[in-house]
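Could you walk me through this structure in the viewer, one selection at a time? I would like to know what to click on next and what to look for there.

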Amino acid sequence: MFSIKQEMKKLAQKHPFFSSKEAFKNSFKHQLQEKFRVIENKDFHGCVVDLWVEDPNSEQQYAIYLMNKLAGLTIKQENQLIELKHHRAQDIGRYDFLKQVEKLEKITKGRNNIKGIAILLTNDHLYWNEPTRANTVDSYFRIHENRVLTGELKWLEHASAGTIKERENPIVIKGTYKLQWQHYSTVSNEKHGEFCYLAVHVGEDR
């Protein structure tokens, strides 16, 4: 049986953090290949999926999108210092993640044997903590703990052209998803030393 919670727990034991999305994707792919058939960057009706997972014990298939967003942090590992760069632009990060959920709804529509999962792994608490400021340009795109995600999501009118460039279109979420973050790892006691992940399941029981 395919379980994101079990797979992410296993992954965290071997890789408590990743410096890039590609590292995240490659490590996750190799782990999943131990039990499943995995296709990387599969083109499915015009949507390129990061990992396409097929369960050999059933006809179930999973379309998985991955994101790895970082806050600046220095990690000491085996007498080496590893610098994680600060990605910033959380508003764009939120939009891009929700765009993946929208794509997964299109991929899974009318296909009972295909389920979708969008996963965001981050050590930036601004993603999982509810913002204190109201009416920010990305208010509709917030993905904090316990947010109920549904409906048309769009930028507020005062969003700058630079912010919304190539991301002008609203996102339409037809399902309803209550967002619940999970602890992934703790790599230090410093600020941004905790990694959490959000997994949105489209058309699938958790």
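Here is a short tour in five stops, from a sheet to the salt bridges. Keep in mind along the way that the model is predicted.

**Stop 1: the sheet**

Start in cartoon view and select the six strands that make up an open sheet, in the order 1-2-3-6-10-9, with mixed pairing. Strand 1 (37-44) and strand 9 are the edges; each has a single partner strand, so one side of each is left without a neighbour in the sheet. Turn the view along the sheet: on average, neighbouring strands are rotated by 30° against each other, ignoring direction.

Now zoom in on strand 2 (residues 47-54) and strand 3 (residues 61-69). They run antiparallel and are joined by four bridges. To find a facing pair, pick W52, which stands opposite A63 in strand 3. Next, add helix 1 to the selection: this helix packs on the sheet, where it touches strand 6 (114-122), strand 9 and strand 10 (194-202). The direction of helix 1 makes about 155° with that of strand 10.

**Stop 2: S185 on an edge strand**

Select S185, which sits in strand 9 (residues 181-186). Is S185 buried or exposed? Its relative accessibility is 7%, and because the cut-off for buried is under 20%, S185 counts as buried. Beyond its neighbours within four places in sequence, S185 has contacts with P16, G193, E194 and F195. Show the side chain and draw a distance to P16: the side chain of S185 reaches the backbone oxygen of P16 at 2.5 Å. For a sense of scale, draw another line to N146, 39 residues away along the chain; the two C-alpha atoms are 20 Å apart.

**Stop 3: E7 and its partner**

Move to E7 in helix 1 (residues 4-14). What surrounds E7, once its neighbours within four places in sequence are set aside? The contacts are F2, F28, Q31, L32, K35 and F36. With K35, E7 forms a salt bridge, the closest N and O atoms lying 2.9 Å apart. This pair links distant parts of the chain, since E7 is in helix 1 while K35 is in the loop between helix 2 (21-32) and strand 1, 28 residues apart. Colour the two by accessibility: E7 is buried, with a relative accessible area of 3%, whereas K35 is partly exposed at 44%.

**Stop 4: more salt bridges**

The structure holds 10 salt bridges, so there is more to click on. Try R37 and E54, whose side chains meet in a salt bridge at 2.8 Å, N to O. R37 lies in strand 1 and E54 in strand 2, so the pair ties together parts that are 17 residues apart in sequence.

Then go to helix 3 (residues 90-108), which holds both E102 and K99, three residues apart, about one turn of the helix. Their side chains meet in a salt bridge at 2.9 Å, N to O. E102 is buried, with a relative accessible area of 7%, and K99 is partly exposed at 24%. Finally, select E22, K25, K29 and E40 together to see a network of salt bridges linking them.

**Stop 5: the cysteines**

End with C47 and C196. Both count as buried, C47 at 16% relative accessibility and C196 at 7%. How many disulfides does a search of the whole structure find? The search finds zero.

How values were computed: Residues are numbered from 1 along each chain as its sequence is written. This is a predicted model: local features need pLDDT of at least 70, side-chain atom pairs count only at pLDDT 80 or more; totals for chains, interfaces and linings use all residues. Side-chain values use heavy atoms; hydrogens and water are left out. Helices (H or I, at least four residues) and strands (E, at least two) are DSSP runs, numbered from the N terminus. Buried means under 20% relative accessible area, exposed over 50%, partly exposed in between (1.4 Å probe, protein chains only). Contact means heavy atoms within 4.5 Å. A polar contact is a pair of N or O atoms within 3.5 Å; within protein, one must be able to donate a hydrogen and the other to accept it, and residues adjacent in sequence count only if both atoms are side-chain atoms. Two strands pair if DSSP finds at least two bridges between them. Axes are lines fitted to C-alpha atoms, for helices over the stretch in contact, and angles run from 0 to 180 degrees between N-to-C directions. A disulfide is a pair of cysteine sulfur atoms within 2.5 Å. A salt bridge is a side-chain nitrogen of Lys or Arg within 4 Å of a carboxyl oxygen of Asp or Glu.
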